[in-house]
Amino acid sequence: MSATKANVKKDAKAKPAKKEPDKAMATVYIMGKAYRVPADATIMGAIEYAGYQIKRGAGCREGFCGACATVYRLPGDYKIYTGMACMTLVQDGMYLSQIPAIPAQRPVYDLSELKANVQTFQKLYPEIFRCVACNTCTKACPQELEVMDYIQAAKRGDVEKVMDLSFDCLSCGLCAIRCPAEIVHYNVGILGRRLFGRYLRKNSDHLDKRIAEVKDKKFDREYKEMMKMSKDELKKKYYARDNE
Amino acid sequence: MYPEFMHDSLKKVEATRARRIELERSGKNVFPPMSAEEREDVLKKFHPDYKADSRRTIRVGPNKGEVLTTEVADMLESHTRIGAAMFDLSSPDYETDLLIVGGGGAGCAAAIVGREHGTKSIISTKLRLGDANSMMSQGGMQAAVTAKDSPTIHYLDALGGGHFDNKADLVRALTEDGPEVVKWLEDLGVVWDKNPDGSMYVLHGGGTSRKRMHSCRDYTGAIIMRTLMDEVRNHPDDIQILEFMPTIELFLDEKGRCAGGVLYNLETEEYFTVKAKAVIIATGGYGRLHIRGFDTTNHYGATGDGLVMAYRAGANLLYMDSVQYHPTGASFPEQIAGFLITEKIRGAGGQPLNKSGELFVWPREPRDVESAAFIRECLERQNGIQTPSGRWGVWLDSPVIEVIQGAGYINKNFPAMYRQFIRYNIDITKEPMLVYPSLHYQNGGVEINDRCETNVKGLYVAGEASGGVHGRNRLMGNSVLDYNVFGRRAGRYAAEYARTAVLGKLSLDHLTAYEEELQKAGIVTDRIAPVLLPSYTPEEVKKRQFTAHYEGTLR
């Protein structure tokens, strides 16, 4: 999506026939102001095409970091839509606004003192019990996660379900700004995942064994031997190694 | 949805699929891996690093006379944003033990471990905490924890991948700390993929001879990064986070020890000074410099800022002549061109194919070799597929994974990839992806030892900004491990140093000296660095910005 050309052949044979100008471009309203932008642009591409240099509102640009939360409306439609600017395509007549930051509190905690149960959620995020099960959070989620279900799971102390359902969360905060109960869902999700990882995971015995071996310097001699080898000796050893 | 002119080629992919699945199931290599000579040959002829103008000699600084990647040399031969005279250095705005430059994986790990060793720190980060390439790694983290594997086999794999140029002490640290890092992250609450019996679920990556790729679905980086950030936020008394406040230059004292830095508030455009007993540079890589015009998989902020700061302060760079192109960047659709398609796809059995639906390379060569083979297939052999915008690509067949690993595997293990493509009506459980190499990683960086120390006293570097551990080519899964291993080490050793460090007067004289060196070398340029942000403003817009003032790329 960036303005680069290394992989673009200038005299591309497969270049498409020139599109009708009105179809190639679309009008979008960025914070209420109309701009003509390429019709197949992402929202982020459109904002930059219009001339903005983004400071807040762009991050990984690939759908992982949650920096580019955007709300929009479409012509003739009363609904509020949500999306990540880097992943959502513009539509003609779209009214859009990015959300530069989500105001949210987060309690400070010591993970080593917590227990993986409902009381932990009660203590740290009591507002989840105000959930009215309206499902607005789920509808707002650009990842299409079952957000309300993981909040309900937190209310039951089902930590594994909180972990599983919130796993792909981007912390974009669109759930939190739409929630009538003023819950900050993504923080509840992070807590649930950390509780699961720390307390409810199945232990990996072979991992503990390996850590003990390293502590006992089991590999010390082998390391020292290889660190003394010449490039050619290493090369020989490398190309002779077996594959699992 | 793929355009109609690609349908013939897609049919060929389907036609060869059953045969390729048989081959995979036979347990034999689906394509012969290259010998040392074949690897060398394809790299020399097709890897972008070997193009005539891809490197040039740097004329100033500690690496003067060395041949570096052209864009890196350009960035280093540039002016500072500030002048030494602008600041009252007698009363800094902030004082702390550790100034950590960068709020990605290495920076957060350093802050957490530094605190355990009794230091307070400031994290200065250009965008938000966690806005980093660390957040974006999909496929996994290497660590030798299974009975069939050992840290020393991991060591040899990493050396071979890096063409035996890796610094031995760093590779030992990387591979020997690996198992402990898996556990450390787990205790912080990272949810690793596991087998039903609790053992770690591990896969291959390019260049690994054992299965040692640990993952969190295909949100590995996102899960680790958010866990580290969350932990950093649990210590507000000891770790201060300054967001949208990149460090733009370093302070030295009169004895040449690193002593803090100058920060720039991107929003209010104010500068602030931080006095610190030690500095850890954890600024990541440089993909947003778009080296050789390539698309990049990198974060918006990946502009190599730490390199130029450290260089002006006198730090040596290592292997800044080598660039990593990830073999599988997306080539279609246009909107996601350059985006990362995780190597875990090939680790799980995905196969690269040409336009006839045939394999042309072993799917798990080291990244530079695999990338060069893709470029050869497209440009020399003309066996690639061209997109409507003129980009080249080869197929990466994902539907084979659903057969080899079982139905539902992609949705469970590659939710991010599935989402990425289904938005454009491409269902990767049924259709392949079109891919081409994309600018991915800074193989070299500031030279460090296994304590993350540089040749500048008090200056530590960790993660992608550092150089040496990966030699001239990094293997998949070693960067996530790198930022954890060396982030932790930087935190520990910088904290130990800071405990007894006594600083003299703050100085920016090295900037003045650097400017003089530029002048003496006859370098006339309007380039300014650190670059901070790339510019994607169209030329048409710039032409109308009659009164706008640009400092480098920043308006």
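This is a walk through a predicted model with two chains, A and B.

Let us begin with chain A and its sheet. Strands of a sheet pair through backbone hydrogen bonds, and they may do so in a parallel or an antiparallel way. In chain A, five strands make an open sheet in the order 2-1-5-3-4, and the pairing is mixed. At the edges lie strand 2 (33–38) and strand 4 (81–84) of chain A, each of which pairs on one side only. From one strand to the next, the twist averages 35°.

Look now at one end of that order. Strand 1 (residues 25–30) of chain A runs antiparallel to strand 2 of chain A, and six bridges join the two. To find this pairing in the model, start at A:M25, whose bridge partner in strand 2 of chain A is A:P38. The two strands form a hairpin with two residues between them, and A:M31 in the turn has a positive phi of about 50°. At the other end of the order, strand 3 (residues 69–73) of chain A is joined to strand 4 of chain A by four bridges, again in the antiparallel sense. Here A:T70 stands opposite A:G83 of strand 4 of chain A.

Loops are worth a visit too. A:A104 sits in the loop between strand 5 (95–98) and helix 3 (118–124) of chain A. Is A:A104 buried, exposed or partly exposed? A residue needs 20 or more other C-beta atoms within 10 Å to be buried, and 12 or fewer to be exposed. A:A104 has 15, so it is partly exposed. Leaving aside neighbours within four places in sequence, A:A104 is in contact with A:G173, A:A176, A:V184 and A:N187. A:A104 and A:I183 are 79 residues apart in sequence, yet their C-alpha atoms are 9.1 Å apart in space.

Next, see how the chains meet. The contact takes 72 residues from chain A and 86 residues from chain B. On the chain B side, the elements that give two or more residues are helix 5 (151–161), helix 6 (168–188), helix 7 (220–232) and helix 13 (415–422) of chain B. Helix 6 of chain B supplies the largest share of that side, nine residues. Sorted by class, the side of chain B that touches chain A has 38 nonpolar, 24 polar and 24 charged residues.

Helix 7 of chain B deserves a second look. Its 13 residues should span 18 Å at 1.5 Å a residue, and its end C-alpha atoms are 18 Å apart, which agrees. This helix is mostly covered: 13 of its 13 residues are buried.

We can try the same check on helix 10 (residues 367–380) of chain B. With 14 residues, helix 10 of chain B should span 20 Å, and its end C-alpha atoms are 19 Å apart, which agrees. Eleven of the 14 residues in helix 10 of chain B are buried, among them B:V369, B:F374 and B:C378. What covers these buried residues includes helix 2 (36–46), strand 13 (323–330) and strand 17 (433–442) of chain B. Just after the helix, B:Q382 takes a positive phi of about 55°.

Strands in chain B can be enclosed as well. Six of the eight residues of strand 3 (residues 94–101) of chain B are buried, so this strand is largely enclosed by the rest of the structure. Strand 3 of chain B pairs in the parallel sense with strand 11 (residues 271–281) of chain B over seven bridges, and B:Y94 has B:V274 as its bridge partner there. Strand 3 of chain B also runs parallel to strand 4 (residues 121–124) of chain B, joined by four bridges, with B:V101 opposite B:S124.

Finally, we come to the core. In soluble globular proteins, nonpolar side chains tend to be buried together. The largest nonpolar core in this model has 228 residues, of which B:V279, B:I280, B:Y460 and B:A462 touch the most other members. Helix 14 (residues 478–500) of chain B gives the core its largest share, eleven residues. Which residues does B:I280 contact, leaving aside its neighbours within four places in sequence? They include B:I100, B:V101, B:Y460, B:A462 and B:A490.

How values were computed. Residues numbered from 1 in each chain as written. Chains lettered and ligands numbered in written order. Predicted model: local features only at pLDDT ≥ 70, side-chain atom pairs only at ≥ 80, totals over all residues. Pairing = 2+ DSSP bridges. Axes fitted to C-alpha atoms, helices over the stretch in contact; angles between N-to-C directions. Core = buried A, V, L, I, M, F, W, Y, C linked by C-beta atoms within 7 Å. Contact = placed C-beta atoms within 7 Å. Expected span 1.5 Å × (residues − 1). Nonpolar A, V, L, I, M, F, W, Y, C, P; charged D, E, K, R; others polar.
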